[in-house]
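Work through the exercises below with the sequence and the model open. Each task is followed by a solution in steps.

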Amino acid sequence: MRRKLMFGERMLLGDGTEPFNAVIPFRLRGIFSEEDIQYTLSRLQEKHPWLRALVQYDEQNVPWFQIPVLPVSIPLRIVQRQHEEQWQEESKKEWHSAFDYTTTPLIRFVWIKGEEVSDMLFVFHHCLCDGGSAMALLHEFLKVLDNPAADIGLENAIRGIQDVVPAHILQNSKKRFKAKAIGRLVALAIKCIPVSKRAIDRQNDYLIHWKLDETTSKQLISFCKSSGVTVNTFLGAIVLEAFKKVRGSSAFNKVSCPVDIRRFAPQIKNDHIFAFGLMIVMSSKQKISFLDNLRLMQDEVERKTAKLNPYITMMVMESAHDALKNFTRLLKRGKSSNDCMFSNLGRIQIPDQYQEFSLETIFSPSVIGPLGNTTTMVTSTFRGQMDFSFVGSEGYLPKTEALAIRDEIIDRIRQQLDYQEAS
């Protein structure tokens, strides 16, 4: 079983010399054996074909996912748990450790082993899957770890664009012509955009983590409901304000927000291993109140989201494989145009209590790669608490400024909630 990598997957894969890794950390209370974990990982590979895949190149140097006849197990690394924050240290190690994807799968596992409490990390190459896929895998992992006989089904794997884009669209001559024409125009525009001779030296990478307590998280969600805005828009507005306060004229007033493609393409199931995403950009208005600005932002988000078309977008990208080198060069060497990538995974609907153990927390994933500005903030909500992972690099955003932005975000959330209570 094999398939060519699609445009977005090839872009994320690069030439294999620079890691582009996502880390999903979680904490379990219970007693485990190495055999139990290895068996659970093998069950995930049984269900999901692409978790067994290696990457091979054909005569034209085009990469393919290819499943070997003799499967290669998911690598498991075990370290002894020394302290509460060790998962952050191990996360940073995993960011910088490239996958040898010609001999091992694009997934590995780290067990930070304690006597009663263990921290565990799923590590994926970002070309393999997105946050939605990762959460589905985590849920399946916990099911099988708790009950080795649990039925998690079999994935009907996506084998190409034809499994995502409906045939009546993919084979429509007008839509194909439109996609190819847009692809040619984009490729020409990318080729003409001037870029630096060198990529920015990103220097040291860092991870900043924090949680909101359950009461504050509940108040925030309630505030958003009463204001008629989403939590995503509220937090995006807070992030924009925080960057502006800390960075002043150096702030761009732009955050890029991934949008789950599954909302628009029902062919992609929740448990599909898939990495393609959609994107919108949020900006705030100046010199108006926070609430007025919030409502305007929500209207703008809804307009932009309504215009997203995953099928045409995929068709455009698949028509532009010959522009991949120039596009990658632009991402690596072009000037930053946004403050950060902001991703809200929302409420993670995974049980916390199992027969053999308990899931104490899921830390928000972190991801870092070589394609331009690394500044990324990911938030998620588990067991009623909002959790934040803030990733950056000194060459793009000094850590001192990132810490100030974190403090500003926390303060501004509290201010808005206090104001709402008082009014």
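## Exercise 1: a pocket and a cavity

The second largest pocket has 19 lining residues, and those nearest its centre are Arg10, Gly14, Asp15, Leu324 and Thr328. The model is a predicted one.

Task: Find which elements give two or more residues to the lining of the second largest pocket, and state the volume of this pocket.

Solution.
- Step 1. Two elements meet the condition of giving two or more residues: α1 (7-13) and α11 (324-333).
- Step 2. Helix α11 supplies the largest share of the lining, six residues.
- Step 3. The volume of the second largest pocket is about 390 Å³.

Task: State how many cavities of 30 Å³ or more the whole structure holds, and list the residues that line the largest cavity.

Solution.
- Step 1. The search of the whole structure gives one cavity of 30 Å³ or more.
- Step 2. The volume of the largest cavity is about 40 Å³.
- Step 3. Its lining consists of Gly16, Glu18, Pro19, Phe20, Ala98, Phe99, Tyr101 and His125.

## Exercise 2: two polar side chains

Task: Place glutamine 45 in the fold, decide whether it is buried or exposed, and find the backbone atom that its side chain meets.

Solution.
- Step 1. Glutamine 45 sits in helix α2, which covers residues 34-47.
- Step 2. The relative accessibility of glutamine 45 is 7%. Buried means under 20%, so glutamine 45 counts as buried.
- Step 3. A polar atom of the glutamine 45 side chain is 2.9 Å from the backbone oxygen of valine 72.
- Step 4. With residues up to four places away in sequence not counted, glutamine 45 touches Leu51, Arg52, Val72, Ser73, Ile74 and Pro105.

Task: Glutamate 155 is buried; which side chain of opposite charge is nearest, and how far away is it?

Solution.
- Step 1. Glutamate 155 belongs to the loop between α4 (131-146) and α5 (167-170).
- Step 2. The nearest side chain of opposite charge is lysine 47, 7.1 Å away. A salt bridge needs the nitrogen and the carboxyl oxygen within 4 Å, and glutamate 155 has no salt bridge.
- Step 3. The side chain of glutamate 155 does reach the backbone nitrogen of isoleucine 273, at 3.0 Å.
- Step 4. Apart from neighbours within four places in sequence, the contacts of glutamate 155 are Lys47, His48, Pro49, Asp271, His272 and Ile273.

## Exercise 3: salt bridges

Task: Describe the salt bridge between arginine 303 and glutamate 300, and give the relative accessibility of arginine 303.

Solution.
- Step 1. The closest N and O atoms of arginine 303 and glutamate 300 are 2.5 Å apart.
- Step 2. Both residues lie in helix α9 (residues 290-306), three residues apart, about one turn of the helix.
- Step 3. Arginine 303, at 47% relative accessibility, counts as partly exposed. Glutamate 300 is also partly exposed, with a relative accessible area of 32%.

Task: Find how far apart the closest N and O atoms of glutamate 408 and arginine 412 are, and whether these residues are buried or exposed.

Solution.
- Step 1. In this salt bridge the closest N and O atoms are 2.8 Å apart.
- Step 2. Glutamate 408 and arginine 412 are separated by about one helical turn, because they are four residues apart in helix α12 (residues 399-422).
- Step 3. Both glutamate 408 and arginine 412 are buried.

Notes:
Residues are numbered from 1 along each chain as its sequence is written. This is a predicted model: local features need pLDDT of at least 70, side-chain atom pairs count only at pLDDT 80 or more; totals for chains, interfaces and linings use all residues. Side-chain values use heavy atoms; hydrogens and water are left out. Buried means under 20% relative accessible area, exposed over 50%, partly exposed in between (1.4 Å probe, protein chains only). A polar contact is a pair of N or O atoms within 3.5 Å; within protein, one must be able to donate a hydrogen and the other to accept it, and residues adjacent in sequence count only if both atoms are side-chain atoms. Contact means heavy atoms within 4.5 Å. Lys and Arg count as positive and Asp and Glu as negative; His and the chain ends are not counted. On a 1 Å grid over the protein atoms alone, a cavity is a set of points where a 1.4 Å probe fits but cannot get out, and a pocket is an open set with protein on both sides within 12 Å along at least five of seven lines; lining residues have an atom within 4 Å of a point. Grid points are joined across faces, edges and corners, and a volume is the space filled by probe spheres set on the points.
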